[in-house]
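Dear colleague,

Please find the structure below, together with its sequence. My findings follow directly after it.

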Amino acid sequence: MSSTIAAYIYAVCAALPIAMQIALAFGAPLGRFANGGRFEGKLPPVWRALAVLQGVLLAGMAWIVLDRAGIVEVGLPPLLFWIALGLTVLTTIANAASPSRPERLTWTPVTVVMSLSGLAVALL
């Protein structure tokens with residue numbers, strides 16, 4: 001696998017939680033799939049705003065990985081890639097440990113693929 005393919009896999013996988021964060025921000029009743037399932041349905045207003053920030057952060061992380069692979073050439077500092085990869089791994093751990101079964105079953109596999117593809121970008 002090339003770093004280009006790995007970066008595309010990361011970005012496509014990141015699009016899934018980004019879409020969910022957008023849906024949460026607009027009031028979709030998907031709270032059980034996020035934040036440890038703290039909220040069963042719609043998120044409260046403050047948490048909906050945080051969903052926007054999470055979506056932006058995920059999009060930024062995907063952009064950083066695409067930059068590292070040379071797909072977009074922004075020339076970002078290499079440290080940003082390692083921070084994005086570290087956050088991805090921490091997210092995987094958090095999803096795997098979530099008290100919310102729907103969150104664990106939905107997002108752990110996605111973030112595992114993101115972590116592995118990010119690692120592939122780092123090593124290839």
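In this predicted model, there are 2 aromatic pairs. In the pair formed by F81 and W82, the ring centres lie 5.1 Å apart and the planes stand at 80 degrees, so the arrangement is edge-to-face. The two partners can also be described by their accessibility. F81 has a relative accessibility of 2% and therefore counts as buried, while W82, with a relative accessible area of 43%, is partly exposed. F81 has a further partner: the charged end of R68 sits over its ring, 4.5 Å from the centre.

F81 also belongs to the buried residues of helix α3, which are F81, A84, L85, T88, T92 and N95. These residues lie on the same side of α3, because they cover an arc of only 95 degrees around the axis. They pack against α1 (3–25), α2 (45–68) and α4. On the face turned away from this buried side, α3 carries the exposed residues L79, L90 and I93. The helix itself comprises 19 residues (78–96) and reaches 28 Å from its first C-alpha to its last, close to the expected 27 Å.

Which residues does T111 contact, leaving aside its neighbours within four places in sequence? They are T88, T91, T92 and N95. T111 is found in helix α4, residues 101–123. Its relative accessibility is 5%, under the 20% cut-off, so T111 counts as buried.

With kind regards

Conventions: Residues numbered from 1 in each chain as written. Predicted model: local features only at pLDDT ≥ 70, side-chain atom pairs only at ≥ 80, totals over all residues. Heavy atoms only, no water. Helix = DSSP H or I, 4+ residues; strand = E, 2+ residues; numbered from the N terminus. Buried < 20%, exposed > 50% of the residue type's maximum accessible area, 1.4 Å probe, protein only. Contact = heavy atoms within 4.5 Å. Expected span 1.5 Å × (residues − 1). Arc of directions from axis to C-beta. Phe/Tyr/Trp six-rings, centres within 6.5 Å; stacked < 30°, edge-to-face > 60°. Lys NZ or Arg CZ within 6 Å of the ring centre and 35° of its normal.
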